[in-house]
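The following questions and answers examine how certain descriptive terms are justified. Each answer sets a computed value against the relevant cut-off.

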Amino acid sequence: MSSGILWPIQDITSGEWYNDGTSGPVYNFLHQSLANRCGIEDIGCWVEIDQSFFPSDTDFIVKVQPTSDPQNHCCHYVQFLASLETAGASSNLEIDISGCGIDDFIVDGTKPSFTISQTGWTYYTYELSATEAAKITDYTDIHLYFNLISAGAGIPNVRIGLAYFYVESPCPGQKVTFTVPTGDVTLGDWATAPLYSKINSGIIGGTANLSDFIDTIASPSTPFEVYLSGGPDASSNECHVLRYVASLDAYYGSENVDLDIGLYDGATLIKEETKTLTSVSWVTGEMTLSAAEAANITNYQNLRVRGSGSDSPGGNTPRIAEIEFQYPFAVDLTQQDFPSAYLHFV
């Protein structure tokens, strides 16, 4: 898919971060122009933290270049280069991203933390889940957050290079398609027929209807299978995602139920996964295909989804409200290489 690299363009807050021996905004030392003039060992191309302030007020936030909404919630990444300035104890760096204001960070749960432990430059990547990416409401106001949360013995010495937000999405004007169930193949122990009409309102490509669902009273259940609506062939083997909304139908005691979900091309299994359901609250599952797995799809007109529930002696059983499959189509896509510029935090 085409790559959108969104470089820092503005400091929101710089904390105590600065370039070694050079004054100026932090983002200047993370900017795209560095790719044209800085080698990986060029000491003039990083920012660092004033060690006298550590560990208080060590965060900085930069705004990245604006872009259009990709109409796609997969393939969103924060990427950066990092190393230790000198060999020593490792340090931990925390990151986050805001999609609609400085205080509205979107990573679910604990912010991702990366342990920086080597002097050689290394790429670090955090991929946003579709749920997290869906929280980005304004692609013209995306902020990246970095915080040195712990440092090794002695002087904090983390350098971070080339921080940016990276979105893989169709080129402007191109689209991804969302397919949903359009027919029953096998009912198994699931009800109520027709199954497909209870689980075809969409999730990201539509609006989930949680009042209409399929369920089973059998434990374990024999599989159901539904057709997906046919679509054009994919333009890329990237960004194929099967989503489903599921929960326990009822909860008796402390027993969980495993929901097995598989994507098939006719009778050929493409990929399957097991989702453990622990409550009656609806959860969204995502099964992302690797490029190699997506390449095994030969007929996008014959895709199917199969599901079943595990044994539960206590009587807990699963239910499913929605199923949706997303992939890119009908575009001539190119892949842009990662840049060679970098930013360091020490």
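Q: Which strands supply at least two residues each to the lining of the second largest pocket?
A: Strand 17 (241-248) and strand 20 (283-288) each do so. The model is a predicted one, and the pocket has a volume of about 190 Å³. Its lining comprises 19 residues, of which C74, C75, Y77, E127 and T288 lie nearest the centre.

Q: What makes up the lining of the second largest pocket by class?
A: Nine of the lining residues are nonpolar, five are polar and five are charged. Among those nearest the centre are C74 and E127; Cys counts as nonpolar and Glu as charged.

Q: Why is V64 called buried?
A: A residue is buried when its relative accessible area is under 20%. V64 has a relative accessibility of 0%, so it counts as buried. This residue lies in strand 5.

Q: What makes strand 5 a mostly covered strand?
A: Six of the six residues of strand 5 are buried. Both faces are covered: D59, I61 and K63 are buried on one side, and F60, V62 and V64 on the other.

Q: How far apart in space are the C-alpha atoms of V64 and L144?
A: The two C-alpha atoms are separated by 7.4 Å, although V64 and L144 are 80 residues apart along the chain.

Q: How do we know that strand 2 and strand 5 pair?
A: Two strands pair if at least two bridges are found between them. Four bridges join strand 2 (residues 8-13) to strand 5, and the two run antiparallel; the requirement is therefore met. Within this pairing, T13 stands opposite I61 in strand 5. T13 and I61 are 48 residues apart in sequence, and their C-alpha atoms are 5.2 Å apart in space.

Q: Why is T13 called partly exposed?
A: The term applies between the cut-offs for buried, under 20%, and exposed, over 50%. T13, which lies in strand 2, has a relative accessible area of 30%, so it is partly exposed.

Q: What makes strand 7 mostly covered, and how is strand 7 paired with strand 8?
A: Seven of the eight residues of strand 7 (residues 91-98) are buried. Strand 7 pairs with strand 8 (residues 113-116) in the antiparallel sense over four bridges. One of the positions in this pairing is N92, whose bridge partner in strand 8 is T115.

Q: Which residues have the most contacts inside the largest nonpolar core?
A: They are F80, I95, L128, I142, L144, F146 and F165, in a core of 29 residues. The strands that each supply at least two residues of this core include strand 5, strand 7 and strand 8. Strand 6 gives the largest share, four residues. A second core of 28 residues is separate and includes F224, V226, L248 and L289. In soluble globular proteins, nonpolar side chains tend to be buried together.

Q: Why is the pair of Y300 and Y327 called tilted?
A: Four aromatic pairs are found in the whole structure. The ring centres of Y300 and Y327 are 4.6 Å apart, and a pair requires centres within 6.5 Å. Planes under 30 degrees apart count as stacked and those over 60 as edge-to-face; the planes here stand at 40°, so the pair is tilted.

Q: What parts of the chain does the pair of Y300 and Y327 tie together?
A: Y300 lies in the loop between helix 3 (291-295) and strand 21 (303-309), and Y327 lies in strand 22 (residues 318-329), so the pair ties together parts that are 27 residues apart in sequence. Y300 is buried at 5% relative accessible area, and Y327 is buried at 1%.

Q: What makes the pair of F325 and Y327 tilted, and which residues form one aromatic cluster?
A: The centres of the F325 and Y327 rings are 5.8 Å apart and their planes meet at 35°. This angle is neither under 30 degrees nor over 60, so the pair is tilted. F325 is buried, with a relative accessible area of 0%. Y300, F325 and Y327 form one aromatic cluster.

Q: Where are cis peptide bonds found, and what are their omega values?
A: The bond from A191 to T192 is cis, with omega near 5°. Another cis bond joins A193 and P194, with omega about -5°. T192 lies in the loop between strand 14 (190-191) and strand 15 (214-216), and P194 also lies in the loop between strand 14 and strand 15. Most peptide bonds are trans.

Technical notes
Residues numbered from 1 in each chain as written. Predicted model: local features only at pLDDT ≥ 70, side-chain atom pairs only at ≥ 80, totals over all residues. Heavy atoms only, no water. 1 Å grid on protein atoms, 1.4 Å probe; cavity = no way out; pocket = protein on both sides within 12 Å on 5 of 7 lines; lining within 4 Å. Points joined across faces, edges and corners; volume = space filled by probe spheres on them. Buried < 20%, exposed > 50% of the residue type's maximum accessible area, 1.4 Å probe, protein only. Core = buried A, V, L, I, M, F, W, Y, C linked by side-chain atoms within 4.5 Å. Phe/Tyr/Trp six-rings, centres within 6.5 Å; stacked < 30°, edge-to-face > 60°.
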